[in-house]
Amino acid sequence: MWWKNEALGNAEQKLENQKDKIYENWTCVWERDLGNPTVTDDFTELFLANYEYVKLKAQHNKDKNFFYKYLFLAVLIVALICYAVFFIWNLLCGTSKIEAVLENGIILLLAVFLCNWVSKWLDIRKYQETWARHSQHKFKIDMEMLLYVCRMEPYNSEDRVVTFKRRITEIWNGNHKKFVKNMETKEIPMMQGIDRSALKKED
């Protein structure tokens with residue numbers, strides 16, 4: 001983003017390049033350990049597809065999260081500026097303060113509505129939670145690839161290919177459980193809102 005410190009931006013890019021290098025090194029070492037890279041391996045194809053998907057989804061949800069939060073702030077700031085401008089304009093035209101507040105109330109109501117819509121949309125889409133989940137998922141896989149390339153525990157034995165497959169599937173399983181939990185808890189606030197509305201109507 002344009003307001004980022006240049007040195008920080010360069011450091012982040014260098015870090016991402018290093019992660020990509022580890023991924024490339026892991027691919028080479030993995031193919032060598034398999035012994036016959038020309039043979040189709042279901043796990044390898046699934047792993048590569050999953051890694052690319054998680055990487056893209058993490059960036060996508062990060063961008064969406066910041067976009068809607070900045071949109072929330074922009075709507076609020078623009079509404080306050082418009083309210084102040086029209087309020088002063090009405091005073092200059094001889095309108096009383098009370099009348100000016102009432103006449104410009106529609107601007108605040110519209111701002112509240114738009115901000116509430118953005119807030120509810122963020123609650124439904126859960127961009128921040130999804131970004132955090134995919135980022136954590138990718139980080140765990142990056143660490144496993146690093147350990148594998150460096151032949152560190154638990155990948156310093158001859159059965160390290162099987163160990164890698166087992167640990168990666170455990171990571172996938174953990175990520176899926178978090179996904180299911182998020183999907184279940186995401187519906188609770190919406191249903192609670194409906195229940196409250198129904199109770200009010202009954203009262």
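In the predicted model, His 134 lies in helix α5, which spans residues 127-149. The relative accessible area of His 134 is 4%, and the residue is therefore classed as buried, the cut-off being under 20%. When neighbours within four places in sequence are left aside, the contacts of His 134 are formed with Tyr 53, Val 54, Lys 57, Ala 58 and Asn 61.

A second buried polar residue, Asn 65, is located in helix α2. Its relative accessibility is 3%, so that Asn 65 also falls under the 20% limit for burial. Beyond the neighbours within four places in sequence, Asn 65 is in contact with Tyr 127, Gln 128 and Trp 131, and these three positions fall within the range of α5, residues 127-149.

The packing of the two helices can be described in geometric terms, since a helix pair is characterised by the angle between the axes together with the distance between them. The axes of α2 (residues 42-92) and α5 come within 8 Å of each other and cross at roughly 145 degrees, and the crossing is left-handed. The residues that make up the contact of α2 with α5 comprise eleven nonpolar, eight polar and seven charged residues.

Ile 141 provides a further view of the surroundings of α5, whose range of residues 127-149 includes this position. Apart from neighbours within four places in sequence, Ile 141 is in contact with Phe 47, Asn 50 and Tyr 51, as well as with Ile 168, Ile 171 and Trp 172. Ile 141 also belongs to the largest nonpolar core, which contains 16 residues and in which Phe 47, Ile 141, Met 145, Tyr 148, Phe 164 and Ile 168 touch the most other members. Two or more residues of this core are given by each of α1 (6-34), α2, α5 and α6 (160-202), and the greatest contribution, five residues, is that of α6.

At the level of the whole protein chain, the secondary structure consists of six helices and zero strands, with the pattern α-α-α-α-α-α along the sequence. Of the 203 residues in the chain, 25% are buried. Among contacts with a separation of 6 or more, 73% are accounted for by residues 24 or more positions apart. The chain exposes about 14400 Å², of which 63% is supplied by carbon and sulfur atoms.

Conventions: Residues are numbered from 1 along each chain as its sequence is written. This is a predicted model: local features need pLDDT of at least 70, side-chain atom pairs count only at pLDDT 80 or more; totals for chains, interfaces and linings use all residues. Side-chain values use heavy atoms; hydrogens and water are left out. Helices (H or I, at least four residues) and strands (E, at least two) are DSSP runs, numbered from the N terminus. Buried means under 20% relative accessible area, exposed over 50%, partly exposed in between (1.4 Å probe, protein chains only). Contact means heavy atoms within 4.5 Å. Axes are lines fitted to C-alpha atoms, for helices over the stretch in contact, and angles run from 0 to 180 degrees between N-to-C directions. A crossing is left-handed if the near helix is turned anticlockwise from the far one by less than a right angle, and right-handed if clockwise. A nonpolar core is a set of buried Ala, Val, Leu, Ile, Met, Phe, Trp, Tyr and Cys residues joined through side-chain atoms within 4.5 Å. Accessible areas come from the Shrake-Rupley method with a 1.4 Å probe; for residues, only the protein chains shown count as cover.
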